[in-house]
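Q: Please take a close look at one part of this model, the sheet shared between the two chains, and describe how it is built and what surrounds it.

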Amino acid sequence: MTLDNLKKGQSATVTAINASKELKNRFSSFGLVKGANVYTEEYSLAKKTMEIRINKTRIAIRASEAEKVEIA
Amino acid sequence: MATIKVALVGQPNVGKSALINSVGNARLRVGNFSGVTVKKEVVRFSREGYDFEITDLPGSYSLTDYTIEERITKHYLDDNDYDLILNVVDSTNIERNLYLTTELLALNKKLVVALNMTDEAVKEGVNIDEHQLGKILGVPCVKTSAIEKTGIDELIQALIKTYNLRENRFHLQFSEVYEQEICHIVSFLEEKKIQCKISLKALAIKLLREDKETYQRFHEEPVWVELQPIVNNGYQHLYLHYDTKDLDDIFNDEKLALAKGAVAETVQFEKQVKTTFTDKIDSLLMHKFVGLPIFLFMMWGLFQLTFEVGSIPMDWIDAFFSLLIDATKSFLGDTELASVIADGAIAGVGAVVLFLPNIFILFLGIALLETTGYMSRVAFLLDGFFHKFGLHGKSFIPLVSGFGCSVPAYMAARTLKNDRDRLLTLFIIGFMSCGARLPIYVLFVGAFFAEHHAGNLLFLIYISGALLGIIAAKVLKMTAFKGDDEPFVMEMPKYRLPSLKLLWHTVSGQALMYLKKAGTFILLASVLVWFASNYPKQPEVEQQYQVKVEQAENETAISALNNELALYKLEHSYLGVIGHASEPFFAPLGYDWRMAVALETGLAAKEVVVATLGVLYGLGEEEDESSSGLVDKIRANISLPAGISFIVFVMIYLPCLAASLVFMREAGSWKYLAYLFVFTTVTAWILSFVAFNVAQALT
């Protein structure tokens, strides 16, 4: 399953990140790395954007980017 | 007195600026980093017999090339001359903040860590043992709070002590495997007696991270032949050990492990707060259905404030400059010098200063949105819609500001961190009809349509402008700004109230920069426009009119004669000549040379269009849109299709000189202004042509 499918209020563990080097670095500076625990806070109205939380960091991410994060 | 040069580095939203502002007697100098619009702030103060010069580097999550800010920070740290780095860290989110700290440690410069927001950390039950952390990282760590102004003296002591250290010990300990590879490279570099600005260990780390610039540097050197196999060997070992061939992944792993380890050993989380303050607010502001209406209401409030409250001091400023112009003229007499100073320079500068209240209030609002952390939520709420048109969630604020005035709108686009997003937004701001175009619309709508339709028509004009803008964004995105979308990954910081001092310093800095830069450009440009509309002189004609005026019988005749003269002078000025020359260009749109001149003077400022039309259609100069005389003249001289076509042209072409210059500055190059000019003029021409022909076919 990928991160964009994670329902509001649920959490999961990141198993792999299939993104470009740049985006991967960005993810990692937010703590979004393999093994991290993510929690879905909110979706926008059209479900195009989602808010997730990793530890104490909340980040907004487009569904198209969340697709690149595999979770279990 | 010795000067300690400090590079201030931290992730966004850690209270970096606030911390530095809480140091007493600090003098701030605001400038730009060369070549970009990112603000550079240097703070100077003296303490304990030392002069401090602190350069506030833009907030960066890590030392990469991801955003302009991070590029600047990385290059500054690599290439500039400074004595030590002050790393500000958010104590409440220490683990993530330490990622950056480990990268800074890898640079092997003198470093001091400020554990900021201690007050919040205490409230949230986060207990940090700063001495132990200092031992692990090998650098002094000081607890500070910008709000409660604690730890500032200790921080300064630590800076002085670190500055006076003779040698810098490299304390960062990576995992055994990584350290081993570093060691191999370092011992080779030592043998070869390589000289380098940074330490050899830092250099080795850069090599192991495949840092482009380091490679470029070594590639030219003969030593490369021997160095390459050693580095390559190191890669192979790391690949094997980490089971991946991605060196960034490997270094990130090291970084995270270090941060995690340091936190595990030095931080205690006392209580687990279930719902925080931020959670509570977010459940309302980020709500699927309520979130947007709340935001729109806040925006409405901000624009009410900006343009309603802002108009009060604007009237004063306007009155002040009119007074100044009159005073100058009466002081210097009716001379050319008086005219160029009063009508050229003072009037031009006055037009710039006039926008200051707007800019100030709007920027105060924006600064509040940004510093409280709400702006990221707005981007979240709107990104879905704007993304469809190739824009970014944050484009909303500059676009809406454009309805008031394009000048602050162009400046507001700075909240967009990505170059391409910002440029695209800058290009379509002009489609949002600014306040100065309203008089033109009112005049033409009044001339051609019944009064009870006026309101609806005005609304239609504004809405169609905005729609055109969004369509233009889509078109530009598919053509000129083609390319993959920038990923949208953004932190949503905690809600925090900024200090008044920080707000003041942000807003006043922006206002000052506007005055300084736009002011100098505009001064020059206004003098040019003045020259074009006043030269060449027609002394003989003037003399003839002088005689006629003296012979005239009554006031009406005199003012008619004066108008005739003004018309003659304008028609034969350089501007008038240009108007005549451009007549063929505008003829397919149904305009005569007078409308062409009005549009051209409108490039200076939209307010001038109505005044020019007044002069050209034989009324006094003191015309405004409410005068029925001008409305009648327009109706008599301009056909309905030409009128509609004129409105369309005004909707789309360049806003005004002030806005154009601010655009150029924000876009970063005169090239973009040329593109904007061509883009808006061509679009305006085509749509006006269509409007003219459709209207003609219908009537």
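A: The account below begins with the sheet, turns to the contact between the chains, and ends with some local features of chain B.

The model is a predicted one, in which local features need pLDDT of at least 70 and side-chain atom pairs count only at pLDDT 80 or more, while totals for chains, interfaces and linings use all residues. Residues are numbered from 1 along each chain as its sequence is written, and chains are lettered from A and ligands numbered from 1 in the order in which they are written.

The sheet is open and consists of six strands in the order E5(A)-E1(A)-E2(A)-E3(A)-E4(A)-E10(B), with antiparallel pairing. Strands (E, at least two residues) and helices (H or I, at least four) are DSSP runs numbered from the N terminus, and two strands pair if DSSP finds at least two bridges between them. At the edges lie strand E5 (69-71) of chain A and E10 of chain B, each of which pairs on one side only. From one strand to the next, the twist averages 40°; the axes are lines fitted to C-alpha atoms, for helices over the stretch in contact, and angles run from 0 to 180 degrees between N-to-C directions.

Within chain A, strand E2 (residues 37-43) runs antiparallel to E3(A), and five bridges join the two. Tyr43(A) stands opposite Met50(A) in E3(A). These two strands form a hairpin with five residues between them, and Lys47(A) in the turn has a positive phi of about 60°. E3(A) then pairs with E4(A), again in the antiparallel sense, over six bridges. Here Ile54(A) is opposite Thr57(A), and Arg53(A) has Arg58(A) of E4(A) as its bridge partner. The hairpin of E3(A) and E4(A) has two residues between the strands, and Asn55(A) takes a positive phi near 50° in it.

The sheet passes into chain B through E4(A), which pairs with strand E10 (residues 489-491) of chain B in the antiparallel sense over three bridges. Ile59(A) stands opposite Glu491(B) in E10(B).

The contact between the chains takes 28 residues from chain A and 27 residues from chain B, two residues being in contact if their C-beta atoms, placed from the backbone, lie within 7 Å. On the side of chain A, the elements that give two or more residues are helix H1 (21-29), strand E3 (49-54) and strand E4 (57-62). H1(A) provides the largest share of that side, nine residues. By class, the side of chain A that touches chain B has nine nonpolar, eight polar and eleven charged residues; Ala, Val, Leu, Ile, Met, Phe, Trp, Tyr, Cys and Pro count as nonpolar, Asp, Glu, Lys and Arg as charged, and the others, Gly among them, as polar.

Chain B also has residues with positive phi. Asn108(B), a residue other than glycine, has a phi near 60° and is placed in the loop between helix H3 (94-106) and strand E6 (111-116) of chain B. Asn108(B) is partly exposed, with 19 other C-beta atoms within 10 Å. A residue is buried if 20 or more other C-beta atoms lie within 10 Å of its own, exposed if 12 or fewer, and partly exposed in between, with C-beta atoms placed from the backbone. Met117(B), also not a glycine, has a positive phi of about 60° and lies in the loop between E6 and helix H4 (118-123) of chain B. Met117(B) counts as buried, with 31 C-beta neighbours inside 10 Å.
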